Amino acid sequence: MVFPILPANTLADASYDIENSLSHRGDGGLEWTPSSSTNRRTWTISMWIKNPVANKTMWGSNLSGVDYVRAEIMSDMQLGFRFYYSDTVKDIHTNALLRDPSAWYHLVWAIDTTQATDTNRVKIYMNGVQFTAAGGGGGFSTENYP
């Protein structure tokens with residue numbers, strides 16, 4: 001049997017949908033509003049992205065008024081996370097650069113602000129590798145934990 005080799009996205013079928021998935025090509029990111037204050041301290045977000053763009057929020061949550069958290073791609077194509085609460089900004093940026101527009105990246109942010117040790121409060125993974133202060137996954141360029 002012969003299988004033709006075609007460029008990516010050559011064959012497209014609008015009737016083919018993957019359950020619980022989303023293709024997002026807009027200017028804004030995804031937003032989530034917690035249903036109660038009890039689920040704001042411990043949660044995880046996981047996503048696959050392709051063709052990342054600098055200075056973009058991929059996911060965010062408005063906590064109240066102007067307070068928010070965001071998963072972002074920074075201006076230098078670093079993967080980042082930002083907490084803004086009561087006029088205080090807490091940023092965490094990895095050293096990883098998302099430069100390959102043809103690659104799929106699996107990204108995970110595991111948040112648990114109930115942890116006593118600040119470096120345990122935010123865990124970031126890319127393609128199954130955890131970023132750590134000791135340099136795991138390439139380490140961090142900015143570490144300012146909530």
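1. A residue counts as buried when its relative accessible area is under 20%. In this predicted model, glutamate 72 has a relative accessibility of 8% and is therefore classed as buried. Glutamate 72 belongs to strand β4, which covers residues 67–73.

2. As to the surroundings of glutamate 72, and leaving aside residues up to four places away in sequence, this residue touches Lys56, Thr57 and Met58, and also Gln78, Leu79, Gly80 and Arg82.

3. Gln78 appears again in the neighbourhood of serine 141, which touches Gln78, His93, Thr94 and Asn95 when residues up to four places away in sequence are not counted. With glutamine 78 there is a polar contact, made from side chain to side chain at 3.1 Å. Serine 141 sits in strand β10 (residues 140–143) and, because its relative accessible area is 39%, is partly exposed.

4. Serine 141 and threonine 94 are separated by 47 residues in sequence, yet their C-alpha atoms are 5.6 Å apart in space.

5. In a regular strand the side chains alternate between the two faces of the sheet. Strand β2 (residues 42–50) shows such alternation, with Trp43, Ile45, Met47 and Ile49 pointing to one face and buried, whereas Thr42, Thr44, Ser46, Trp48 and Lys50 point to the other face and are not buried.

6. Strand β2 is joined by nine bridges to strand β7 (residues 104–112), and the two run antiparallel. Within this pairing, isoleucine 45, one of the buried residues of β2, stands opposite tryptophan 109 in β7.

Methods. Residues are numbered from 1 along each chain as its sequence is written. This is a predicted model: local features need pLDDT of at least 70, side-chain atom pairs count only at pLDDT 80 or more; totals for chains, interfaces and linings use all residues. Side-chain values use heavy atoms; hydrogens and water are left out. Helices (H or I, at least four residues) and strands (E, at least two) are DSSP runs, numbered from the N terminus. Buried means under 20% relative accessible area, exposed over 50%, partly exposed in between (1.4 Å probe, protein chains only). Contact means heavy atoms within 4.5 Å. A polar contact is a pair of N or O atoms within 3.5 Å; within protein, one must be able to donate a hydrogen and the other to accept it, and residues adjacent in sequence count only if both atoms are side-chain atoms. Two strands pair if DSSP finds at least two bridges between them.
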